[in-house]
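Please open the structure in the viewer and keep the selection tool at hand. The tour below proceeds from one selection to the next.

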Amino acid sequence: MEPRLVGPGPYRATRLWNEIIELFRAGMPLRKHRCRFKSYERCFKASEAVECLHELLGSNQNFGPEVTRDQTVKLLKKFLKNHVIEDIKGRWGKEDFEDDGHLYRFPPSSPLKSYPKKPSCGKEVIKFPDWSEPRAGPSQEHIPVKSVTMNSEMWYKRHSIAIGEVPACKLVFRRELTQTNIEEIWKSMTLSRLQKVLGLDSLDEVLDTKLVNSKHIVQNVYNVNKQGIVTLEDKSKELPHWILSAMKCLVNWPSCSDLKQPTYSGFERDVFKTIMDYFDQMKEPLLTFHFFDIFVSVLGLLQKPNKAVEALQISCLLLPPENRKRLQLLVRMMARISLNQDMPRLSESVRTRTLMVQVFSRCILCSKDEIDLDELLAAKLVSFLMDNYQEILSVPSALKTSIEDHVAHLQRVQFQKSYPEVYRVRFPSPETEAMLFPEKTKQKPPILMWALKKPFQPFHRTRSFRM
């Protein structure tokens, strides 16, 4: 069975789980083994399962070579818990799988997960401003009208030009484009672009659009400093100063200008553990539980890096501003530490980059409900984030320009309809410009008198000037 790329779309984690089980069952060699003077047919050692599954995950384009042996063992623990495998005595249900010589086998049929039926969240229609929509207030039917006594002559004058029934008149009101309208436009066009990049017919199965806050998108676009980092209006949601100092210390290692106390051997590991403990105690990941499915769907685009970068750019705009800022600072720190040749090893057994991914993946992406591939999916996403964080965590300029142009167009249209005479003066067309500013007859410049004179004659020396 050949592995296939599982693209964006609903239930991607479940589809990946089922595919890995089928590939593992098809690719795991089964042999006869002896244990305590007894022979067992069609089984395998735990260490053999780790080798096989690790190689399978590493060569699968949905996961890639960065999957570690430790992550493979954790996945096999989940296989044992979910009865994908069982020990030779038929026991399963616990996560007590170890990388050793214990014998395991496949049950007659490994359970594949069924696709969950999500309650329909309904499509949220973003309503664009309608200039003819009346303002809140008394309805037209209750507008007081002064009664007029009609005689035959007056009736004839009023209706002599009417042919057939006269349609009922309707008052038309025009509204101004409010900040709420602009925020709704940002939300609508941002989600529309995200859907197009993912190549989906609808976002309904991967995102509850009612949970997308339009204010967050606008704040993430415009409330930024020179480095592109979000600036928060509510300062109580900022990272604590001591965490910022610790992160800055590791980013700028070995020069820790913020720290007054002297360093010691192993100091950098203690600082790193402080940061790790802070982010580990968060109740919700930085990408939030609500947006788990949309970020997992983006993973299906990693074979097309440019599309994946754009999809992540847009998806990260949906985050609450405080989450986006923490993500920007954390991923930047992870990337800088991984590339810093002067940074001492933070672990004796694991490379620094691998350590960054293992430690912070779960605080960046995980599901509210336990998903068996959470860790592998998060590691894949975080690795891509570290490699492309400067682009991904910046504001997508093409999207920003298109939305601003659309808003400016709507504002011009509204102004034109409300004040047509003023608009014609301020924004004249070629025809109206000719009417408003008629071209004056050009006068010929006066002929200068000196132009009629002979040209200037150069001065000639005479012999009397010679020395």
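Begin by selecting W17, F24, F44, F79 and F106, which ring pairs link into a cluster. The model on display is predicted. Keep W17 selected and add K113: the charged end of K113 sits over the ring of W17, 4.7 Å from the ring's centre.

Now display the whole chain. It contains 17 helices and 4 strands. Of its 467 residues, 40% are buried. The exposed surface is about 29,600 Å², and carbon and sulfur atoms supply 54% of it.

A search of the whole structure finds 13 aromatic pairs. Select F272 and F360, which form an edge-to-face pair with 5.8 Å from centre to centre and 85° between the planes. This pair links distant parts of the chain, since F272 belongs to helix α8 (residues 267–280) and F360 to helix α12 (residues 352–364), 88 residues apart. F272 counts as buried because its relative accessibility is 5%, and F360 is buried with a relative accessible area of 1%.

Keep F360 and add F279. These two rings are also an edge-to-face pair, at 6.2 Å centre to centre and 90° between the planes. Here too helices α8 and α12 are linked, with F279 and F360 81 residues apart. F279 is buried, with a relative accessible area of 1%.

Finally, select G58 in helix α2 (residues 46–59). Is G58 buried or partly exposed? Its relative accessibility is 26%, so G58 counts as partly exposed. Leaving aside residues up to four places away in sequence, G58 touches G64 and P65. The C-alpha atoms of G58 and R69 are separated by 9.9 Å.

Note on methods:
Residues are numbered from 1 along each chain as its sequence is written. This is a predicted model: local features need pLDDT of at least 70, side-chain atom pairs count only at pLDDT 80 or more; totals for chains, interfaces and linings use all residues. Side-chain values use heavy atoms; hydrogens and water are left out. Helices (H or I, at least four residues) and strands (E, at least two) are DSSP runs, numbered from the N terminus. Buried means under 20% relative accessible area, exposed over 50%, partly exposed in between (1.4 Å probe, protein chains only). Accessible areas come from the Shrake-Rupley method with a 1.4 Å probe; for residues, only the protein chains shown count as cover. Contact means heavy atoms within 4.5 Å. Rings of Phe, Tyr and Trp (its six-membered ring) pair if their centres lie within 6.5 Å; planes under 30 degrees apart count as stacked, over 60 as edge-to-face and the rest as tilted. A charge sits over a ring if NZ of Lys or CZ of Arg is within 6 Å of the ring centre and within 35 degrees of the ring normal.
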